[in-house]
Amino acid sequence: MDMIERRHFLTTLAAAAGAASVPQWAQAQTAYPNKPVRVIVPFAAGGTTDVVARLVMQKMGELMKGTFVIDNRGGANGMIGTGEVARAQADGYTLLFNTAGAQTLSPVIYKAPYEAAASFAPVAKVCSVGFIIIARKDLPANSLQELIALAQNKDKPLTASSGSAIINLITEQFKHVIKAPQIINAQYKGTSPQMQAVVSGEVDFSFDSFAAVEMIKAGKVKALAVVLPQRAASFPDVPTLVELGIKDMEFSSWAGLLAPKGTPKEIVAALSQNIDKVMQMPDVLAKLKQYDYIPVKTTPEVFAQQIQAETDRWKQVVKETGFKIE
């Protein structure tokens, strides 16, 4: 072996030894992502959560020079897809774009295959999502106060529709807060038939997502109040529950990014920092505004605290209302 070959051999050997001393995940993280990242949305394609996830993760791919592939794994109130991420390898290549219902409520009221906080490494909350109280167009109530007056009439109970676990529980809490346990809470298989039940006059009112915006603007239902910290951009004339003096109804949902528990902190931090950048992009903010989704900024640590606090609150609400799965 001549001098040049010997020098090349020693250089190669030193490089190999150095690489061997670095954990495998750390070697991969230096170029993260160096292969496609699967982002599970635990709901069907086409819903507002899916739309937001695709928008945000496309921008993430552009910023991080990688590929983020949305994988819809709907079913069982979001528990199928959420549970799959909880069991996934914690290497940053399987992520979860979830909502409050599947993340924090389902583990409280169902036998979920995961825990709301302990099974995940929260990355970032992307936006908060409120609800709007809609009523059938011919209901003799044009304000929330008038709706409550009708609801408190024990001789002629009002009917409400619920198409998801979170709306079901919010409706039960509303009955508890306004002292109208006689309200009939009718169950529907999804939020779309839930809204259609109000449109058709089959039920009197419901707590709906802002997917009802077109129905409201078309005059097919009427909006009585919003469940948001402030008035909705879509309906600036519709008051919030807080404005109307209704307490203990500060409910909201959210959309956010999570990873399996144990995902390297460096990867979680990189994802969180890039989410912050995405949420400052004008076209992203404009799209969120269409759904009255409110952009938020949280660190992974704060997001984790919020998930735990929200889970604890759901437990309290279930206890107060005596809520049971029918």
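A residue counts as buried here when its relative accessible area is under 20%, and that cut-off is what the opening stop of this tour through a predicted model relies on.

**Strand β3 and its partners**

Begin by selecting residues 94-99, which form strand β3; six of the six residues are buried, so the strand is largely enclosed by the rest of the structure. If you display the side chains, you will find Thr94, Leu96 and Asn98 on one side and Leu95, Phe97 and Thr99 on the other, with both faces of β3 covered.

Next, add strand β1, residues 37-41, which runs parallel to β3 and is joined to it by three bridges; a place to centre the view is Val39, which stands opposite Leu95 of β3. Then bring in strand β10, residues 253-260, whose pairing with β3 is antiparallel and extends over four bridges. Here Asn98 is the residue to pick, since Gly256 of β10 stands opposite it.

**The sheet around β8**

Now move to strand β8, residues 205-208, where Phe205 and Phe207 point one way while Ser206 and Asp208 point the other way, and all of them are buried. Select strand β5, residues 131-136, and you will see that it runs antiparallel to β8, with four bridges between the two; Ile134 has Ser206 of β8 as its bridge partner. Strand β6, residues 159-162, runs parallel to β8 and is joined to it by two bridges, and in this pairing Ala160 is matched with Phe205 of β8.

Widening the selection shows an open sheet of five strands with mixed pairing, in the order β7-β6-β8-β5-β9. At its edges stand β7 (184-187) and β9 (221-227), each of which has a single partner strand, so one side of each is left without a neighbour in the sheet. On average, and with direction ignored, neighbouring strands of this sheet are turned by 30° against each other. To inspect the β7 edge, follow the four bridges that join β6 to β7 in a parallel arrangement, where Ser162 has Gln187 of β7 as its bridge partner.

Two helices can then be added to the view of this sheet. Helix α6, residues 144-151, packs on the sheet and touches β5, β8 and β9, its direction making about 100° with that of β9. Helix α8, residues 191-199, lies across β5, β6, β8 and β9, and runs at about 145° to β8.

**Two helix pairs**

Select helix α5, residues 100-109, together with helix α7, residues 165-177: they pack at an angle of about 65°, with their axes 10 Å apart, and are therefore roughly perpendicular to each other. The crossing of α5 and α7 is left-handed. Showing side chains at the contact brings up Gly101, Leu105 and Ile109 from α5 and Ala165, Ile166 and Leu169 from α7; by class, the contact of these two helices comprises five nonpolar residues, one polar and no charged.

For the last stop, select helix α3, residues 48-64, and helix α11, residues 282-290, which pack at an angle of about 175° with their axes 11 Å apart, an angle that makes α3 roughly antiparallel to α11. Which residues in α3 and α11 meet? From α3 they are Val51, Val52, Leu55 and Lys59, and from α11 they are Asp283, Val284, Lys287 and Leu288. The contact of α3 with α11 divides into five nonpolar, no polar and three charged residues, whereas that of α5 with α7 has no charged residues.

Conventions:
Residues are numbered from 1 along each chain as its sequence is written. This is a predicted model: local features need pLDDT of at least 70, side-chain atom pairs count only at pLDDT 80 or more; totals for chains, interfaces and linings use all residues. Side-chain values use heavy atoms; hydrogens and water are left out. Buried means under 20% relative accessible area, exposed over 50%, partly exposed in between (1.4 Å probe, protein chains only). Two strands pair if DSSP finds at least two bridges between them. Axes are lines fitted to C-alpha atoms, for helices over the stretch in contact, and angles run from 0 to 180 degrees between N-to-C directions. Contact means heavy atoms within 4.5 Å. Angles under 35 degrees count as roughly parallel, over 145 as roughly antiparallel, 65 to 115 as roughly perpendicular and the rest as oblique. A crossing is left-handed if the near helix is turned anticlockwise from the far one by less than a right angle, and right-handed if clockwise. Ala, Val, Leu, Ile, Met, Phe, Trp, Tyr, Cys and Pro count as nonpolar, Asp, Glu, Lys and Arg as charged, and the others, Gly among them, as polar.
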